[in-house]
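Subject: Structure handover and notes

Hello,

Here is the structure for you to take over. Please open it first, then read the notes below.

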Amino acid sequence: MTLAFAALTLRLSPMGSWKLIPRCSLLLSMQTTTPSFSRQMSMDAKSVASQLNSSGLLRTQGLVGGKWSDAYNGKTIKVYNPATGESIADIACMGGRETNDAISSAYDAYQSWSKTTAAERGKLLRKWYDLLMAHKEELAKLITLEQGKPLKESIAEVNYGASFIEFSAEEARRVYGDIIPAPLSDRRLFVLKQPVGVVGAITPWNFPLAMITRKVGPALACGCTVVVKPSELTPLTALASAELAIQAGIPAGVVNVVMGNAPEIGDAILASPQVRKITFTGSTAVGKKLMAGAAGTVKRVSLELGGNAPCIIFDDADLDVAVKGTVAAKFRASGQTCVCANRILVQEGIYEKFATLLLDAVKDMKVGDGFSEGVVQGPLINEAAVQKVESLLHDAISKGAKVIQGGKRHSLGLTFYEPTVVTDVNNEMRISREEVFGPVAPLLRFKTEEEAIKIANDTNAGLGSYIFTNNVQRSWRVAEALEYGLVGVNEGIISTEVVPFGGVKQSGLGREGSKYGMDEYLEIKYVCLGNMNKD
């Protein structure tokens, strides 16, 4: 099992993958002190941390069996504010032993939770939703503090994340079975849907609340219990949401949270026969390793992996709508989402005009600390993310691409990067082949609809995609031809709790959200009743 999580020995890269880092790095620097809040913070950060601490939402311990717990060896790791580089808190650095205990707690809790009525599970999830919304401001501040996105985006994430809990609360009582007409008169054939069991949920840093609720909500609604492993870069939001789950009355052991030594945690989840499903959001490379590791115990796997989203602008599009939608699809979360527009394909007749309009929309974007007024783009998550952007941009420029806006680190320093627009990009450049995960908009030319579809589909990824056109027939043709799990037509923000989110090809397996996402946490059981004609 060790090989399956070898890539998890490091922090997430700009593309959401894990990379090996030196043991002296920030992620693996471990202290033997009791977890505590760092004193090395600016006054603004201290003020936010103080508010969160007084509300009881700033947690630094893991949650195992309903109890907050330090790492058994006392080790901690630091969580940093990417906007300032300052330490926010020291959190428990857990490993295999703590994870095994969390799995055992989840397994024990499953025996009773799975037998709880759907109505009761729905009521408790609704209470959790109400508490998430009641603490929207504190949670949003926490997201901005540890992830860096502007506060307005963080508030939107809380709304979005909470919506999965609300939807799951409502959907819990709509898990229906079936009755099948029998071929024999003395038979009765039934189909039951039952919970999978204990779920291991591994989540990324770019949406520290929503990526958890999108998994945990339907899992709990179906009667499963969970062990959550959040990113070590952004664990505080996960811990705060778990605290609110406890306050909502969700029983001990139903939700567990462990973080710290990723290889040990991952190996424990993969090896345990008590864990019946793994759900993961992150890079394709790590997703493949999880699939391989899950084979040992034949676990069910749901994977939401990397993307390479095309955004196709046809010459019959409303350019104002297209620019607005492209900016939303590209620059949200500083370009650090799996459905960000990674390649912007523009029909040759409007290429120059669109480039100018996009430049005008991007050049005045305010970059800065997410708590500052008017900021629309925060920092990238870490130095590795910036270096990835620089590498892809350097490759593109060396092969003929032209930067017409940005293209360098921001004057604010640290991991801030200027919103960037690049023209004369082709589909053979690395910037078109790899997920940028940064605020860079590469513009490619195309002549015909057929060429646009060919370029768009020329990738192993198949998650998000976007079309801008006023031709209804074309919108249908292209949407059907694109090899992607998600297609937005004349819209750049398409994610919501009521639709199935997921990819095809190497962008993943399964769906999250909607009624289809519920099925990921259910097993189908066939029951045959015989001799029904006898008393």
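Does Phe-280 count as buried or exposed, and at what relative accessibility? Phe-280 counts as buried, because its relative accessibility is 2% and the cut-off for buried is under 20%. Bear in mind that this is a predicted model.

**Phe-280**

Phe-280 sits in strand S10. Leaving aside neighbours within four places in sequence, Phe-280 is in contact with Ile-202, Lys-215, Val-286, Gly-287, Leu-290, Ser-302, Leu-303, Glu-304 and Leu-305. Ile-212 is 68 residues away along the chain, and its C-alpha atom is 9.9 Å from that of Phe-280.

**Helix H8 and Ser-272**

Just before S10 comes a loop, between helix H8 (262-271) and strand S10 (275-281), and Ser-272 is in it. Ser-272 has 10% relative accessibility and so counts as buried. A polar atom of the Ser-272 side chain lies 3.1 Å from the backbone nitrogen of Gln-274. Not counting residues up to four places away in sequence, Ser-272 touches Ile-103, Thr-297 and Lys-299.

Now H8 itself. The rest of the structure largely encloses H8, because 8 of its 10 residues are buried. These are Ala-262, Pro-263, Ile-265, Gly-266, Asp-267, Ala-268, Ile-269 and Leu-270. What do the buried residues of H8 pack against? Their partners are helix H2 (96-113), strand S7 (198-202), strand S8 (225-229), S10 and helix H9 (284-294).

**Trp-113**

H2 also holds Trp-113. Trp-113 has a relative accessible area of 2%, so it is buried. The Trp-113 side chain reaches the backbone oxygen of Leu-220 at 3.2 Å. Leu-220 is also one of the residues that Trp-113 touches, not counting residues up to four places away in sequence. The others are Arg-121, Leu-124, Gly-223, Cys-224, Thr-225, Pro-251 and Val-254. For a long span, take Asp-535: it is 422 residues from Trp-113 along the chain, and the two C-alpha atoms are separated by 35 Å.

**Aromatic pairs**

How many aromatic pairs does a search of the whole structure find? The search finds 3. One of them joins Tyr-160 and Phe-164, edge-to-face, with 5.0 Å centre to centre and 70° between the planes. Both residues lie in helix H5 (residues 151-171), 4 residues apart, about one turn of the helix. Residues three or four places apart in an α-helix point the same way, because there are 3.6 residues a turn. Tyr-160 and Phe-164 are both buried.

Another pair is Trp-205 with Phe-437, also edge-to-face: 5.8 Å centre to centre, 85° between the planes. Trp-205 is in the loop between S7 and helix H6 (210-222), and Phe-437 is in the loop between helix H13 (430-433) and strand S16 (440-446), so this pair ties together parts that are 232 residues apart in sequence. Trp-205 and Phe-437 are both buried.

**Charges over rings**

Two places to look at here. Lys-149 lies over the face of Phe-207, at 3.9 Å from the ring centre. Arg-214 lies over the face of Phe-501, at 4.1 Å from the ring centre.

**The largest pocket**

The largest pocket holds about 640 Å³ of space. Its lining is made by 24 residues. Which of them lie nearest the centre? They are Lys-152, Glu-153, Ala-156, Arg-332 and Val-376. H5 and helix H10 (319-331) are the elements that give two or more residues to the lining. H5 gives the largest share, 6 residues.

**Positive phi**

Most residues other than glycine have a negative phi. Please check two serines against that. Ser-334 has a positive phi, near 60°. Ser-334 is in the loop between H10 and strand S13 (341-347). Its relative accessible area is 3%, so Ser-334 is buried. Ser-514 also has a positive phi, near 65°. Ser-514 is in helix H16 (residues 514-518). Ser-514 counts as buried too, at 4% relative accessibility.

Best wishes

Definitions and conventions:
Residues are numbered from 1 along each chain as its sequence is written. This is a predicted model: local features need pLDDT of at least 70, side-chain atom pairs count only at pLDDT 80 or more; totals for chains, interfaces and linings use all residues. Side-chain values use heavy atoms; hydrogens and water are left out. Buried means under 20% relative accessible area, exposed over 50%, partly exposed in between (1.4 Å probe, protein chains only). A polar contact is a pair of N or O atoms within 3.5 Å; within protein, one must be able to donate a hydrogen and the other to accept it, and residues adjacent in sequence count only if both atoms are side-chain atoms. Contact means heavy atoms within 4.5 Å. Rings of Phe, Tyr and Trp (its six-membered ring) pair if their centres lie within 6.5 Å; planes under 30 degrees apart count as stacked, over 60 as edge-to-face and the rest as tilted. A charge sits over a ring if NZ of Lys or CZ of Arg is within 6 Å of the ring centre and within 35 degrees of the ring normal. On a 1 Å grid over the protein atoms alone, a cavity is a set of points where a 1.4 Å probe fits but cannot get out, and a pocket is an open set with protein on both sides within 12 Å along at least five of seven lines; lining residues have an atom within 4 Å of a point. Grid points are joined across faces, edges and corners, and a volume is the space filled by probe spheres set on the points.
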